[in-house]
Amino acid sequence: MAQGEVLAFEEYVRTRQDALLRSARRLVPDPVDAQDLLQTALVRTLGRWDGIEDKSLADAYLRRVMINTRTEWWRARKLDEVPTDQLPDASVDDGAEQRADRALLMDVLGVLAPKQRSVVVLRHWEQMSTEETAAALGMSAGTVKSTLHRALARLRQELEDRAARSRAAEGAPARIPAQPDGRHDERGRERCAA
């Protein structure tokens, strides 16, 4: 490629880079990926710059290169996604609440006996069936069920105790008093009318 062509390409990039970056951002949602997409497309276009006869069509050519590059990236991605019939919630979550819940759960699991902890982890975190859990731990399916029932009751009780201690520390009443109309149970939850 001639030096004049390289200079013409550099001038083109300088004058059109903002518009081209906006186009790239419309093609990929992440701004960093958009910059990578534009950079890749510019490198690919530089090699063919002297073949573009009408330089007024360079934007269209570069946009086509960006679309083709994005399609290549999409085809090369690792498929961890599984199509579903329903769309997920549109809420944006930074994960802080989930990390806090996980930390609390890990802490609360410490109150369980080792056998109970193993059953809870295999059944609920590893998503094993009752039979798979029984085989993994060398116990009967009935023992897995009863151990899981006792472990979940213990976890529930521990979480309630911690919530009561937290409310007491904040100066709030430990229990919500029953409402005079009788529609609430001892925990303050509304009773079913049926």
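This passage walks through an aromatic cluster, two helix contacts made by α4, and the surroundings of T130 in a predicted model.

The aromatic residues make a handy place to start. The structure holds 2 aromatic pairs. In one of them, F9 and W49 meet edge-to-face, with 5.0 Å from centre to centre and 70° between the ring planes. This pair bridges distant parts of the chain: F9 belongs to helix α1 (residues 3-27), while W49 sits in the loop between α2 (31-46) and α3 (58-76), 40 residues away. Both F9 and W49 are buried. The other pair brings Y12 together with W49; here the ring centres are 5.1 Å apart and the planes lie at 35°, so the arrangement counts as tilted. Again the link is between distant parts of the chain, with Y12 in helix α1 and W49 in the loop between α2 and α3, 37 residues apart.

Taken together, F9, Y12 and W49 make up one aromatic cluster. W49 has a relative accessibility of just 2%, and because anything under 20% is called buried, W49 falls in that class. Y12, at a relative accessible area of 11%, is buried too, since that value is also under 20%. W49 has a charged neighbour as well: K55 lies over the face of the W49 ring, 4.5 Å from its centre.

Next comes helix α4 (residues 96-109), and with it V108. V108 is buried, its relative accessible area being 0%. Leaving aside residues up to four places away in sequence, V108 touches L155, E158, L159 and R162. For V108 and L159, the C-alpha atoms are 7.4 Å apart, although 51 residues separate the two along the chain.

Those V108 contacts belong to the packing of α4 against helix α7. The two helices, α4 and α7 (residues 141-169), pack at about 115°, and their axes are 10 Å apart. The crossing of α4 past α7 is right-handed. On the α4 side the contact is made by L104, D107, V108 and L109, and on the α7 side by L155, E158, L159 and R162. Sorted by class, this contact between α4 and α7 comes out at 5 nonpolar and 3 charged residues, with no polar ones.

Helix α4 also packs with helix α5 (residues 114-125), where the axes come within 11 Å and cross at roughly 150°. Here L105, M106 and L109 of α4 meet R117, V120, V121 and W125 of α5. The class count for α4 with α5 is 6 nonpolar residues, no polar ones and 1 charged. L109 turns up in both settings, being listed in the contact with α7 and in the one with α5.

Last up is T130, which is placed in helix α6 (residues 130-137). With a relative accessibility of 12%, T130 counts as buried, because the cut-off for that label is under 20%. Setting aside residues up to four places away in sequence, T130 touches R123, A141, V144 and K145. Of these partners, R123 lies within the residue range of α5 (114-125), whereas A141, V144 and K145 lie within the range of α7 (141-169).

How values were computed
Residues numbered from 1 in each chain as written. Predicted model: local features only at pLDDT ≥ 70, side-chain atom pairs only at ≥ 80, totals over all residues. Heavy atoms only, no water. Helix = DSSP H or I, 4+ residues; strand = E, 2+ residues; numbered from the N terminus. Buried < 20%, exposed > 50% of the residue type's maximum accessible area, 1.4 Å probe, protein only. Contact = heavy atoms within 4.5 Å. Phe/Tyr/Trp six-rings, centres within 6.5 Å; stacked < 30°, edge-to-face > 60°. Lys NZ or Arg CZ within 6 Å of the ring centre and 35° of its normal. Axes fitted to C-alpha atoms, helices over the stretch in contact; angles between N-to-C directions. Left-handed = near helix turned anticlockwise from the far one by under 90°. Nonpolar A, V, L, I, M, F, W, Y, C, P; charged D, E, K, R; others polar.
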